[in-house]
Amino acid sequence: MKLSDFDFSLPDDRIAVRPAKPRTSAKLLLAQGDQITDKHVFDLPSILRPGDRLILNDTKVIPARLSGLRWRDTAQGRMSAKIEVTLLDPQPDGAWAALIKPLKKVKDGEEIIFSDDLSATMISRADGQGLLQFNLTGDDFDAALNAVGAMPLPPYIAAKRPADEADKTDYQTAWAENTGAVAAPTASLHFDDKLLKTLADMGVEFTKVTLHVGAGTFLPVKVDDIADHKMHAERGDVTAQAAAEVNATRAAGGRIIPVGTTALRLIESAAKDGQLHAWSGATDIFITPGFQFQLTDGLMTNFHLPKSTLMMLVSALMGVDQIKAIYTHALNHDYRFFSYGDSSVLLPKG
């Protein structure tokens, strides 16, 4: 298939720059087979059934955007220059891969100071990224980062406004637990504790898995033939308990519904022969039309960027023509798009 098969025209004013308040008041498009209904997130109890299992990504977004200074002794005296850093991925030795602007100005071995407590040394560079070694580790690093870092809002929001204190709550799920993501699993942002309790009380079950969403989720597809696209890799974990819960639900006839494309990609990466297996590692699974889903019976997901890998994923689940109909409906009925936008429940079997 061609990249143009997943394109659509989106007016700029349909990109949400703030979430709905309260979270559950966001609009929700329900697609059951070829039927489309307009609802709200707080209607989920009327959509889900006892025995359904929602798959939740419990990754926690770090405040990965940092502003720092590098200092140098010059003929004019000691001079500083501003450096912008976005953390991308922790390395096994504790260093961090990062986007650094301007990268070419920072020398290997040079120190960048972010606060009185937090600094980092440039170790090396490759593929347009730098490798930074921070002066702190563990809880001390987390505390210093939380004090000075900003949430890494997606480019389409960051272009419209800077991140602020509200984003530290808004851009984090109600069940965020395992630190490591630089982007939120955004369909999950629509839940609050009250809705989770209502669903649990009616017999909907939950399984948590972890996929640390990387900045690669926003990388554009640059090839016309989508078969030539190389998918970015993200780190994930499925516990033995999570696998047992999902397999028990399938055996009992319940539906498996990931909340977000990240949870879907992870469970399909860890699936074999129609069963979920304990798994840990990096996945670069690329789901396009023709993909055979092993576990997924439905999906809750926000509305995605044109010509993105996520448009390809939802088209694989629902069919290209039906996704086009769903997005046309969303555009015609004032749905808000992308990370802080409205959501949908996609049920291919109706």
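**Overall build and local features of the predicted model**

In this predicted model, residues 24 or more positions apart account for 69% of the protein's contacts with a separation of 6 or more. The chain is built from 9 helices and 19 strands. With 350 residues, a compact globule would come out with a radius of gyration near 20 Å, and the protein's 21 Å agrees with that. Laid along its principal axes, the C-alpha trace spans about 70 × 45 × 40 Å. Buried residues make up 50% of the 350 residues. On the outside, the protein exposes about 15,700 Å², and carbon and sulfur atoms supply 50% of that area.

Helix H8 is a good place to look at the inside. This helix covers residues 309-318, and 10 of its 10 residues are buried, so H8 is largely enclosed by the rest of the structure. Among these buried residues are Thr309, Leu310, Met311 and Met312. What do the buried residues of H8 pack against? Their surroundings include two helices, H7 (261-269) and H9 (320-332), along with strands E1 (27-32), E18 (299-302) and E19 (343-347). Just after H8 comes glycine 319, with a positive phi of about 100°. Thr309 of H8 also turns up among the contacts of histidine 229, together with Pro220, Val221, Val223 and Phe286, once sequence neighbours within four places are left aside. Histidine 229 sits in the loop between strand E12 (205-211) and strand E13 (234-238). Buried or exposed? At 18% relative accessibility, histidine 229 counts as buried, since the cut-off is under 20%.

Next come the strands around E10 (residues 129-134). Strand E9 (residues 119-126) pairs with E10 in the antiparallel sense over 6 bridges, while strand E7 (residues 96-101) pairs with E10, also in the antiparallel sense, over 3 bridges. Leucine 132 of E10 figures in both pairings: methionine 122 stands opposite leucine 132, and tryptophan 96 has leucine 132 as its bridge partner. E9 and E10 form a hairpin with 2 residues between them. Aspartate 127 lies in that turn and has a positive phi of about 55°. This aspartate is exposed, with a relative accessible area of 79%.

A few other backbone details stand out against the usual pattern. Most residues other than glycine have a negative phi, and most peptide bonds are trans. Besides aspartate 127, which is a non-glycine residue with positive phi, there is aspartate 334, with phi near 60°. Aspartate 334 is found in the loop between H9 and E19 and is exposed, at a relative accessible area of 55%. As for peptide bonds, the one from lysine 21 to proline 22 is cis, with omega near -10°, and proline 22 belongs to the segment before E1. Another cis bond joins lysine 101 and proline 102, where omega is about -5°. Proline 102 is in the loop between E7 and strand E8 (111-113).

Side chains of opposite charge can pair when their charged atoms come close. The count here comes to 17 salt bridges. In one of them, arginine 18 meets aspartate 164, with the closest N and O atoms 2.5 Å apart. This pair links distant parts of the chain, 146 residues apart: arginine 18 is in the segment before E1, and aspartate 164 is in the loop between helix H3 (155-158) and helix H4 (167-170). Arginine 18 is partly exposed at 32% relative accessible area, and aspartate 164 is partly exposed at 31%. Arginine 161 and aspartate 167 form a salt bridge of 2.8 Å from N to O, and both of these residues are buried. Salt bridges with shared partners join Arg18, Arg161, Asp164 and Asp167 into one network.

Arginine 72 forms a salt bridge with glutamate 110, with the closest N and O atoms 3.0 Å apart. Here too the pair links distant parts of the chain, 38 residues apart, with arginine 72 in strand E5 and glutamate 110 in the loop between E7 and E8. Arginine 72 is partly exposed, at 25% relative accessible area, whereas glutamate 110 is buried at 10%. Strand E5 (residues 65-74) also holds tryptophan 71, which is partly exposed at 36%. Together with Leu69 and Ile113, Trp71 makes a nonpolar surface patch of about 230 Å².

Notes
Residues numbered from 1 in each chain as written. Predicted model: local features only at pLDDT ≥ 70, side-chain atom pairs only at ≥ 80, totals over all residues. Heavy atoms only, no water. Patch = residues over 30% accessible without salt bridge, like charges linked within 9 Å, V, L, I, M, F, W, Y side chains within 5 Å. Areas by Shrake-Rupley, 256 points an atom, 1.4 Å probe, with all protein chains shown as cover. Salt bridge = Lys/Arg side-chain N within 4 Å of Asp/Glu carboxyl O. Helix = DSSP H or I, 4+ residues; strand = E, 2+ residues; numbered from the N terminus. Buried < 20%, exposed > 50% of the residue type's maximum accessible area, 1.4 Å probe, protein only. Contact = heavy atoms within 4.5 Å. Rg over C-alpha atoms; globule rule 2.2 N^0.38 Å. Pairing = 2+ DSSP bridges.
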